[in-house]
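Open the model in your viewer and keep the selection tool handy. We will go stop by stop, choosing what to select and looking at what is there.

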Amino acid sequence: VSFEEATFIEPLACVLRGQRMAGIKKGKAVVIFGSGISGLLHIQLAKLNGASRVVAIDINDYRLKAAKQFGASYAINAKEYSPERFDLVILDVMLPGMDGFEACRAIRELDPRVPILMLTARSETQDQVTGLDVGADEYITKPFINDVLLAKINALLRIKDIMDFQICVMDSIDSALFSLDSRGQILFMNLKAREYFNFVKKNLFYASCWDPQGWYWKVVDAF
């Protein structure tokens, strides 16, 4: 074989094995993260396997243009990320320009609540610790079991649903004082609540709070 043909043996073999393990079939929608050589091969193979839609995601416009040329139905630039548009973020560590750890930290600054799952071949203990420390909720290493990955995704989405609630504070006669959404934005506040918050500004007081480790007491922040 020629040198050019030989350079495609390893990436093509990985793509063939990956799609075989993923069970890509006719009519399925496929999302491909990264539009380098392997990503372009994934796009072409997914189309040959009868995928109804192929979505390519990258942070490089040149690669995204190539993805469209090679048959991607949609090409999305991940730099245009907006937390309000997504229910879940899946990140690799080895990304061009910005690694997954930096991307995770940047996303956490934009939205502390959106679930982040890191899916990568970087399996060293320190990599896993770093991923979780910078804000990932789950860290899964390749190769992975599809059913386990889907179960983890569903679990993260369930947690997000629980967190996306509204808090309504009632007084003793069950009239609404104020309500907050899960990000602390005030949705409603009546006159009595405003009087309470004026009191808060002058007096620190404690509230009983809950997190996964149990109940604890903290000072309530004044508005």
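**Stop one: a helix with two sides**

Select helix 2 and colour P11, V15 and Q19, which are its buried residues. They share one side of the helix, because the arc they cover around the axis is only 60°. This fits a general pattern: an α-helix has 3.6 residues a turn, so residues three or four places apart point the same way. Keep in mind that you are looking at a predicted model.

What do the buried residues of helix 2 pack against? Add residues 37–48 to the selection: that is helix 3, their packing partner. Now turn to the other side of helix 2, where I9, E10 and R20 are exposed.

Next, try the distance tool on the ends of helix 2. Its 14 residues, 9–22, should span 20 Å at 1.5 Å a residue, and the end C-alpha atoms are indeed 20 Å apart, so the two agree. Just after the helix comes G23, with a positive phi near 70°.

**Stop two: strands and a crossover**

Select residues 53–58 and 74–77, which are strand 2 and strand 3; they pair in the parallel sense over 4 bridges. For one of these pairings, pick D58 and its bridge partner in strand 3, N77. Then add helix 4, residues 61–69: together with strand 2 and strand 3 it makes a right-handed β-α-β unit.

**Stop three: cysteines**

Is C104 buried or exposed? With a relative accessible area of 0%, C104 is buried. C14, by contrast, counts as partly exposed because its relative accessibility is 43%. If you look for disulfides, the count comes to 0.

Key: Residues numbered from 1 in each chain as written. Predicted model: local features only at pLDDT ≥ 70, side-chain atom pairs only at ≥ 80, totals over all residues. Heavy atoms only, no water. Helix = DSSP H or I, 4+ residues; strand = E, 2+ residues; numbered from the N terminus. Expected span 1.5 Å × (residues − 1). Buried < 20%, exposed > 50% of the residue type's maximum accessible area, 1.4 Å probe, protein only. Arc of directions from axis to C-beta. Contact = heavy atoms within 4.5 Å. Disulfide = S-S within 2.5 Å. Pairing = 2+ DSSP bridges. Right-handed = clockwise from strand over helix to strand, strands pointing away.
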